Amino acid sequence: MKNKKSNTNPKNNSTYWIYGLIISVFIIFSYIGNGSGFSGTKKINISTFEKYLSSGDVSKITIINKTLAEVTLTENALMNEIHRDVATNNFLGQRNVIGPHYNFEVGDLELFQRKLENAESSGIIFNYEFRTIENKWFDVLIGFLPLIILVGLWIFFMRRMSGGAGAGGSQIFSIGKSKAKLFDGNKDTKVTFKDVAGLEGAKEEVKEIVDFLKSPSKYTKLGGKIPKGALLVGLPGTGKTLLAKAVAGEAKVPFFSLSGSDFVEMFVGVGASRVRDLFKQAKEKSPSIIFIDEIDAIGRARGKNSITGSNDERENTLNQLLTEMDGFGTNTNVIVMAATNRADVLDKALMRAGRFDRQIYVDLPDVRERKEIFEVHLKPLKKTKDLDVDFLSKQTPGFSGADIANVCNEAALIAARKSKKSVGKQDFLDAVDRIVGGLEKKNKIISPKEKKTIAYHEAGHATVSWMLEHAAPLVKVTIVPRGRSLGAAWYLPEERQIVRTEQILDEMCAALGGRAAEKVIFNKISTGALSDLEKVTKQARSMVTVYGLNDKIGNLTYYDSSGQNEYGFTKPYSDTTAQIIDKEISNIIETQFKRAIGLLKKHKKKLEELANYLLEKEVIFKEDLVRIFGERPFEEKISQEKK
Ligand code: ADP
Ligand code: ZN
């Protein structure tokens, strides 16, 4: 795809013009300063002059500024062969009768004057006069010289600092301009939703944005407010940029793309002015889409570590972004899409209504989605007929869309290196190996053994929560890595204001189910349960110290709703009580862990079936659980309880 530079403003060429001007001014001054060139005089030395003077060739001498003498010859002398050089005008080729013809340095003026007087008294006829030429321009130039040098240096460093990537000499005037790349919806952007494989949920959400860009009046007529921004959250390479481009391509609108770090420069105020410029450009081309990749570069929560100055600059940039987003009304038809892989570090102000009020999650693809992505990227390849795409997608757990695109490309290169006619299975496997080698460094890839552990862990959660009356029913389990966790289970929590002891205990038991499954199946436990343990420990602690749900401690709470003892320099209980609390917390957790183990041992067959199914599919839903375990016996009761 060809990218067009957005720098289409006419100022660009004028920079060359200015360089040219500076250079020509220098040349002109150096001519004037010399006192020669234009007048076409020839430099001689004083003894040559004396020779001409005594032979009567000189008609006039003009002494300029007491240092330089200009000599005009007599008409007769001009006929002489030795003066042929100066007899004709340099430029026009005519006879130069008027002069002056020669110049020379006077040296000691008094001595020179005496020589002239001597010559006069010996009967040679000539005139001489003194003249002062104030070469103001030259003085002005000398005065400005340091400044010119400084400006030159400044230009030089500017070009260095702004990266200078191919944009020629335009940086000096465009430092405050946005560096956004523009993809014109009608010409360049040919990405459509067809090019985005998988990501059904995300696509569904952005379709609305496309709709709005295509026919805004449909929405505004009813008084509806149009989203101004959407935040795409997901790991690198999962297709966020692709999705945003597809939105622009589908809606056939211009697409401004840049990275959050492009705003940040060493100079104060640059970021903010770039934001301003970006929005100005986008508004001119509206309807349009602005895409800011890696928005965390500017959008991090403000006010933290604000010791260094660079942070202030970032805050200014962020503030400007917020102002711009607030500033344009819904009728400007500019939609801002931003991407990040860490929504948690972003400033809360960014998520407020009227800004990035939509968050769209773009997850790593599961087997089925990987197959679709493979199909997109296999299309342009010449591959062997029997290539098994299912097999390829199973071989690439944890791969992102970008990784898969990479695999396809790499496979083609490998096949070409072997001078094959088409790309075959082995080429793909070699490519996968190569990419895995690169990915392992990034600590993202999962070995088959790890995958098995994760599958059992998640299956453990699922099984236990299925079997317990008060645990939240499960909707979805996945072993596709997500953010920093390796797998995840989604539950549908009941909305309840008051939680009973057995409900908390059941939830804790389900949370411990993952680790319990590892113990039951492998008789080993792993570090994979950190967040489970954190959750359980917090729950147990608050049971004992906050809600008064523990017999040993009794109906007490150490919770202080006034929040005045926030820093907790002193504990509100004695050392003995502290020991009891610790013991009770550990008691509660151990009891639930044992309970989970008991449950899983009892249903070990089903646990294994579920884990294997999960290994194969990577994502399973409630229906699959029903198929394996049968209907959940408590469902009825819960819905009755709610009434
Ligand atoms: P991100 O912006 O999330 O880091 P990109 O959108 O830049 O990722 O994706 C990089 C490349 O990976 C894309 O240009 C595309 O070739 C490929 N890719 C990623 N996700 C998908 C997908 N869902 N379908 C097809 N190709 C994808
Ligand atoms: Zn877990």
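Start by selecting helix α19 (residues 448-467) and helix α24 (residues 622-629), whose axes come within 12 Å and cross at roughly 70 degrees. Axes here are lines fitted to C-alpha atoms, for helices over the stretch in contact, with angles running from 0 to 180 degrees between N-to-C directions. Helices are DSSP runs of H or I with at least four residues, strands are runs of E with at least two, and both are numbered from the N terminus. α19 and α24 are therefore roughly perpendicular to each other (65 to 115 degrees; under 35 is roughly parallel, over 145 roughly antiparallel and the rest oblique).

A word on what is on your screen: this is a predicted model, in which local features need pLDDT of at least 70 and side-chain atom pairs count only at pLDDT 80 or more, while totals for chains, interfaces and linings use all residues. Residues are numbered from 1 along each chain as its sequence is written, chains are lettered from A and ligands numbered from 1 in the order in which they are written, and side-chain values use heavy atoms, leaving out hydrogens and water.

Now show the side chains where these two helices touch (heavy atoms within 4.5 Å). A462, T463, W466 and M467 of α19 meet K622, L625, V626 and F629 of α24.

Next, stay on α19 and click the zinc ion (ligand 2). Its protein donors are H457 (NE2), H461 (NE2) and D532 (OD), lying 2.0 Å from the ion. Donors are N, O and S atoms within 2.8 Å of the metal (3.2 Å for Na, K and Ca), and water is not among the atoms, so sites may look incomplete. In sequence, the donor residues follow the spacing H-x3-H-x70-D. H457 in α19 and D532 in helix α21 link distant parts of the chain, 75 residues apart. Both H457 and D532 are buried (under 20% relative accessible area; exposed is over 50%, partly exposed in between, with a 1.4 Å probe and protein chains only).

From D532, display the rest of α21 (residues 530-545) together with helix α20 (residues 501-522): their axes come within 9 Å and cross at roughly 160 degrees. That makes α20 roughly antiparallel to α21. On the α20 side, the contact includes I504, L505 and M508, and on the α21 side D532, L533 and V536 are among the residues taking part.

For a last stop, jump to I64 in strand β2 (residues 58-64). At 9% relative accessibility, I64 counts as buried. Leaving aside residues up to four places away in sequence, I64 touches E70, R131 and I133. Try a distance label too: the C-alpha atoms of I64 and T132 are separated by 5.6 Å, although their positions lie 68 residues apart along the chain.
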